[in-house]
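Open the model in your viewer and keep the selection box ready. The stops below run from the loops to the core and on to the charged pairs.

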Amino acid sequence: HVLIRVSNFEETCKWYQDKLGATQKLSWENDGMKFAYYDINGFSIEIVGDGQPKPLIKPKEVYDVLKNEGLRLLCFSVDDVTTAYGELKSKDVIFLNEPFYMDKINKSLVHFFDNNGNVLELMSEGRASRIV
């Protein structure tokens, strides 16, 4: 699983449920913080909230994400990046870029932000269907 630390616990839990279809598996409070585990197609995300975490600096382009050490993004494999892109766009998800193809890895990719500015990625094998 991956842990996401936030200052807006309820808002973030709702964003992952509404935008990515996450289902809550467990939640609790401890030492003034709230914790919740969510499942997204077999992958677990732990959201930890409340308190005063330091704010995240939102990147302006995908290569800005790669300039700093540490966990830089969370990638989800999908059947077709373009279809998933359209579904998330209809839910007012904010994208860092439009879907594109990387021939060196034979994958189509697109990057977007969660409600806190964390970068998430969708990836599918081969060329994505045409963007309409």
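Select Asp 92. Its relative accessibility is 65%, so this residue counts as exposed. This is a predicted model. Asp 92 sits in the loop between α3 (81-89) and β6 (100-102). Check the backbone: phi of Asp 92 is near 65 degrees, a positive value in a residue other than glycine. Most residues other than glycine have a negative phi.

Jump to Asp 31. Here too phi is positive, near 55 degrees, and the residue is not glycine. Asp 31 belongs to the loop between β2 (23-30) and β3 (33-40). Asp 31 is exposed, at 70% relative accessible area.

Next, take strand β1, residues 2-5. Which residues are on its covered face? Val 2 and Ile 4 are; Leu 3 and Arg 5 are on the uncovered one. In a regular strand, side chains alternate between the two faces of the sheet. Add β4 (residues 43-49): β1 pairs with β4 in the parallel sense, over 4 bridges. Opposite Val 2 you will find Ile 45 of β4.

Now the interior. The largest nonpolar core has 26 residues. Tyr 16, Leu 20, Ile 45, Ile 47, Phe 112 and Leu 122 have the most contacts inside this core. Helix α1 (9-20) is among the elements that supply at least two residues each, as are β1, β3, β4 and β8 (119-125). The largest share, 5 residues, comes from α1.

Center on Tyr 16. Leaving out residues up to four places away in sequence, Tyr 16 touches, among others, Ile 4, Ile 40, Ile 45, Ile 47 and Leu 120. Apart from the largest core lies another, of 5 residues, including Val 62, Val 65, Leu 96 and Val 119.

Finish with charges. How many salt bridges are there? The count is 4.

- Lys 14 and Asp 18: the closest N and O atoms are 2.5 Å apart. The two residues are 4 apart in helix α1, so about one helical turn separates them. Asp 18 is partly exposed, at 40%.
- Lys 34 and Asp 50: N to O is 3.9 Å. This pair links distant parts of the chain, with Lys 34 in β3 and Asp 50 in the loop between β4 and α2 (62-65). Add Glu 10 to see a network of salt bridges with Lys 34 and Asp 50.
- Lys 107 and Glu 125: the closest N and O atoms are 2.5 Å apart. Lys 107 lies in β7 and Glu 125 in β8, 18 residues apart. Buried or exposed, which is Lys 107? Lys 107 is buried, at 17%, whereas Glu 125 is exposed, at 57%.

Notes:
Residues are numbered from 1 along each chain as its sequence is written. This is a predicted model: local features need pLDDT of at least 70, side-chain atom pairs count only at pLDDT 80 or more; totals for chains, interfaces and linings use all residues. Side-chain values use heavy atoms; hydrogens and water are left out. Buried means under 20% relative accessible area, exposed over 50%, partly exposed in between (1.4 Å probe, protein chains only). Two strands pair if DSSP finds at least two bridges between them. A nonpolar core is a set of buried Ala, Val, Leu, Ile, Met, Phe, Trp, Tyr and Cys residues joined through side-chain atoms within 4.5 Å. Contact means heavy atoms within 4.5 Å. A salt bridge is a side-chain nitrogen of Lys or Arg within 4 Å of a carboxyl oxygen of Asp or Glu.
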